[in-house]
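Good morning, everyone. Please have a look at the structure on the screen, and I will take you through one of its helices before turning to the chain as a whole.

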Amino acid sequence: MRYTLKLSDVIIGYSELEDRDPILGMASGVFRPGFGYELVQPVFRLFSESTPMPGGEPLDEPKLERYHAARDRLGLGLYDDAGERVRTSAIHIADYLEEGKGIRIEVLSHDLV
């Protein structure tokens with residue numbers, strides 16, 4: 001199933017959310033940016049800049065704090081392929097495109113697992 005990430009009515013991107021962890025209530029997968037991704041990319045790059053290695057430890061705590069505050073203010077919505085909004089408690093995009101390591105999305109939602 002394809003999920004769509006939106007900022008209001010602007011499509012930010014898509015993912016199949018192919019990986020599931022029922023214990024953590026998390027779904028993740030490859031993220032395919034849409035035309036609207038450029039609107040939110042600076043926020044998600046804050047994370048990548050603060051934590052330069054995927055899965056690594058943060059090297060810049062103040063930047064990481066700015067990332068969390070900015071991400072939480074975005075008000076992103078996740079929608080299933082029927083157009084129904086999925087309840088989520090957090091949406092994170094690990095954008096390591098500039099580093100050549102790709103881009104993934106992680107969603108906390110017990111409705112997906």
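Let me begin with helix H2, residues 61-74, whose 14 residues should span 20 Å at 1.5 Å a residue, and since the end C-alpha atoms are 20 Å apart, the two values agree. The expected span here is 1.5 Å times one less than the number of residues, while helices (H or I, at least four residues) and strands (E, at least two) are DSSP runs, numbered from the N terminus. I should say early that this is a predicted model, in which local features need pLDDT of at least 70, side-chain atom pairs count only at pLDDT 80 or more, and totals for chains, interfaces and linings use all residues. Residues are numbered from 1 along each chain as its sequence is written, and side-chain values use heavy atoms, with hydrogens and water left out.

Which residues of H2 are buried? They are Lys63, Leu64, Tyr67, Ala70, Arg71 and Leu74, where buried means under 20% relative accessible area, exposed over 50%, and partly exposed in between, with a 1.4 Å probe and protein chains only. These buried residues cover an arc of only 130 degrees around the axis, taken from the directions from the helix axis to the C-beta atoms, which puts them on the same side of H2. On the other side of H2, Pro62, Glu65, Asp72 and Arg73 are exposed.

After H2 comes glycine 75, with a positive phi near 70 degrees.

Turning to the whole protein, there are two helices and nine strands, and buried residues make up 43% of its 113 residues.
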